[in-house]
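Reader: Hey, got a minute to walk me through this one? I'd like to start with the ligand site.

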Amino acid sequence: MKPFVYSRATEAAAAVRQVSNERSAKFIAGGTNLLDLMKSGVELPDRLVDIARLPLAEITALPQGGVRIGAMARNSTAANHPLVRERYPVLTQAFLAGATGQIRNMASVGGNLMQRTRCPYFYDPAMRCNKREPGSGCSAVEGFNRIHAVLGASEQCIAVHPSDMCVALAALDAVVRVQGPEGEREIPFDDFHRLPGDTPQQDTNLRHGELITAVDLPALPFAKRSHYLKVRDRASYEFALVSVAAVLDVSGGRVRDARVALGGVAHKPWRAREAEKILTGARANEETYRKAAEAALSGARAYKHNTFKIELAKRAIVRALSTAGGSGA
Ligand SMILES: Cc1cc2nc3c(=O)[nH]c(=O)nc-3n(C[C@H](O)[C@H](O)[C@H](O)COP(=O)(O)OP(=O)(O)OC[C@H]3O[C@@H](n4cnc5c(N)ncnc54)[C@H](O)[C@@H]3O)c2cc1C
């Protein structure tokens with residue numbers, strides 16, 4: 001591993017200053033992704049600023065009925081917090097579907113937002129990868145692309161975002177709070193992660209030196225009726241082939257409101273707004289859910305080894321909506 005300078009921050013402002021002053025400095029939180037990337041030579045920071053002891057781990061109720069989750073809250077703590085469990089079961093389920101107990105105990109909410117793709121070509125410096133080395137090409141387009149994107153990809157990059165938590169946050173319209181050298185700002189969740197386009201090296205719209213301080217979940221009373229479904233090759237220690245976060249407001253057999261987001265299919269957590277349009281106002285039954293699933297995947301494009309993902313995603317959407325919708329009463 002390349003040598004680097006390590007320092008531990010005791011204040012958010014000092015952490016921001018230290019990282020923004022040095023182009024190749026990075027924050028380190030739980031280290032569960034960053035250290036792997038450093039060991040494989042994908043990330044080569046000259047300085048690590050440890051933010052693990054910053055007072056950013058609180059989970060609190062917001063005045064209007066929402067919840068604020070501090071960026072340093074561990075995934076296991078956030079999953080099991082009563083406010084999250086009661087108000088946003090889809091988020092608890094998404095957290096618990098991720099990684100393993102040990103990793104969830106280390107992984108932070110901020111780090112989960114910033115984790116990088118699990119495309120094997122990205123992790124292997126011997127392979128061409130536009131995300132790791134812009135302009136070098138994409139080995140996945142012509143390679144073994146079974147786990148890759150079917151929505152929103154570009155010829156530059158067909159990697160997918162690996163997070164479970166982020167799929168639930170996309171469905172819940174979360175807001176990411178950040179502190180940077182120029183002050184604080186809020187980023188709506190849909191604007192946080194990027195599609196690859198011609199700049200796949202940029203996963204997010206976070207600027208260098210900006211520190212994620214918290215994630216705000218707006219009040220969404222009907223989120224009590226929600227479900228996260230993750231389909232993967234084995235039951236634990238595995239990333240999603242396809243996942244679905246479904247949140248439904250059902251009354252009198254009709255869908256009054258709906259939120260649907262997909263994981264494992266795109267470079268960012270994918271909000272399925274076409275599906276939501278079909279669902280809203282329609283009868284809460286399997287026929288509606290199938291139409292919604294067709295709409296969600298209508299723009300999908302498969303590569304040589306991942307055609308199966310399109311049908312898998314449709315079936316997962318129907319199942320997640322059926323579970324969230326319950327009896328439809
Ligand atoms: C074996 C294994 C299996 C896994 N399986 C899953 C899975 O099934 N589902 C899933 O969702 N995830 C999975 N993960 C990924 C895991 O969730 C992430 O590694 C973890 O969430 C990253 O959090 P961290 O605190 O360890 O981040 P770190 O590794 O410390 O940091 C990751 C990145 O985030 C940046 N960063 C961290 N905190 C902040 C902040 N507050 N502001 C700005 N930047 C920040 C760092 O600079 C770094 O670039 C798995 C990981 C492993 C190792």
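Author: Sure, one term up front: Ala, Val, Leu, Ile, Met, Phe, Trp, Tyr, Cys and Pro count as nonpolar, Asp, Glu, Lys and Arg as charged, and the others, Gly among them, as polar. This is a predicted model, where local features need pLDDT of at least 70 and side-chain atom pairs 80 or more, while totals for chains, interfaces and linings use all residues. Residues are numbered from 1 along each chain as its sequence is written.

Reader: OK, how do the residues of the shell around the ligand divide?

Author: Into 17 nonpolar, eleven polar and two charged.

Reader: And which residues are the closest to the ligand?

Author: Gly30, Gly98, Gly110, Gly111 and Met114, out of 30 that surround the ligand (C-beta atom, placed from the backbone, within 6 Å of it).

Reader: Where does the largest share of the shell come from?

Author: Helix 7, with four residues. Helices here are DSSP runs of H or I, at least four residues, and strands are runs of E, at least two, numbered from the N terminus.

Reader: Switching topic: which residues of helix 1 are buried?

Author: Ala15, Val16 and Val19. Buried means 20 or more other C-beta atoms within 10 Å of the residue's own, with C-beta atoms placed from the backbone.

Reader: What share of the whole chain is buried?

Author: Buried residues make up 49% of the 329.

Reader: And how many helices and strands are there?

Author: The chain has 14 helices and twelve strands. Its C-alpha trace spans about 60 × 50 × 35 Å along the principal axes.

Terms used: A residue is buried if 20 or more other C-beta atoms lie within 10 Å of its own, exposed if 12 or fewer, and partly exposed in between; C-beta atoms are placed from the backbone.
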